[in-house]
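Here are my notes on this model, point by point. Please keep the structure open while reading.

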Amino acid sequence: TGATIQMPVEEEAGCLGAAIQAMYVSYRAKGIPTSIAEIADRCVAVSKDGKQVPRPDRRQAYRQAIESYRTALQELYLH
């Protein structure tokens, strides 16, 4: 995409995301108004050093890969 990606401090980001969703549902069930963004602001820390920057030399390969993926999806699900 050409975007710089900031890395979270938490190595198990998928687990943290699931926990944030569970907190959101729990708060809502108790009638506590909140948003996922509010919970994430409290629970997610972003690494100041950890980031992935775009690699322009790989952009064409990624474009070809996504095009192959989209073609395969169309063939699999639309035919």
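**Notes on the fold and selected residues**

1. Order of elements. From the N terminus on, the elements run β-α-α-β-α. That comes to three helices and two strands. Keep in mind that this is a predicted model.

2. Overall dimensions. The radius of gyration is 18 Å, whereas a compact globule of 79 residues would have one near 12 Å. The C-alpha trace spans about 45 × 40 × 20 Å along its principal axes.

3. Burial and surface. How much of the protein is buried? Buried residues make up 6% of the 79 residues. The protein exposes about 6,800 Å². Carbon and sulfur atoms supply 55% of that area.

4. Contact range. Take the contacts between residues at least 6 apart in sequence. Of these, 65% join residues at least 24 apart. The points on Ser-47 and Pro-54 below give examples of contacts along the chain, with partners including Gln-6 for Ser-47 and Gly-2 for Pro-54.

5. Ser-47. This residue lies in strand 2, which covers 46-52. Is Ser-47 buried or exposed? Ser-47 is buried, because its relative accessible area is 19% and the cut-off for buried is under 20%. Leaving aside neighbours within four places in sequence, Ser-47 is in contact with Gln-6, Met-7, Pro-8 and Val-9.

6. Pro-54. Where does Pro-54 sit? Its place is the loop between strand 2 (46-52) and helix 3 (59-77). Pro-54 is partly exposed, with a relative accessible area of 35%. Not counting residues up to four places away in sequence, Pro-54 touches Gly-2, Ala-3 and Thr-4. Pro-54 and Thr-4 are 50 residues apart in sequence. In space, their C-alpha atoms are 6.0 Å apart.

7. Salt bridge. The count comes to one salt bridge. Which residues form a salt bridge? Arg-55 pairs with Asp-57, and the closest N and O atoms are 3.4 Å apart. That distance qualifies because the cut-off is within 4 Å. Arg-55 is partly exposed, at 42% relative accessibility. Asp-57 is exposed, with a relative accessible area of 59%.

8. Charge layout. The protein has 10 positive and 9 negative charges. How far apart are their mean positions? The two mean positions are 5 Å apart.

9. Ile-36. This residue is in helix 2, residues 36-43. Ile-36 is partly exposed, with a relative accessible area of 41%. Leaving aside neighbours within four places in sequence, Ile-36 is in contact with Ile-20 and Tyr-24. Ile-36 and His-79 are 43 residues apart along the chain. The C-alpha atoms of Ile-36 and His-79 are separated by 38 Å.

10. Points to keep together. For the whole protein, read the radius of gyration of 18 Å alongside the 6% of residues that are buried. For the chain path, set the pair Pro-54 and Thr-4, at 6.0 Å C-alpha to C-alpha, beside the pair Ile-36 and His-79, at 38 Å.

How values were computed: Residues numbered from 1 in each chain as written. Predicted model: local features only at pLDDT ≥ 70, side-chain atom pairs only at ≥ 80, totals over all residues. Heavy atoms only, no water. Salt bridge = Lys/Arg side-chain N within 4 Å of Asp/Glu carboxyl O. Buried < 20%, exposed > 50% of the residue type's maximum accessible area, 1.4 Å probe, protein only. Helix = DSSP H or I, 4+ residues; strand = E, 2+ residues; numbered from the N terminus. Rg over C-alpha atoms; globule rule 2.2 N^0.38 Å. Contact = heavy atoms within 4.5 Å. Areas by Shrake-Rupley, 256 points an atom, 1.4 Å probe, with all protein chains shown as cover. Lys, Arg positive; Asp, Glu negative; His and termini not counted. Charge placed at Lys NZ, Arg CZ, Asp CG, Glu CD.
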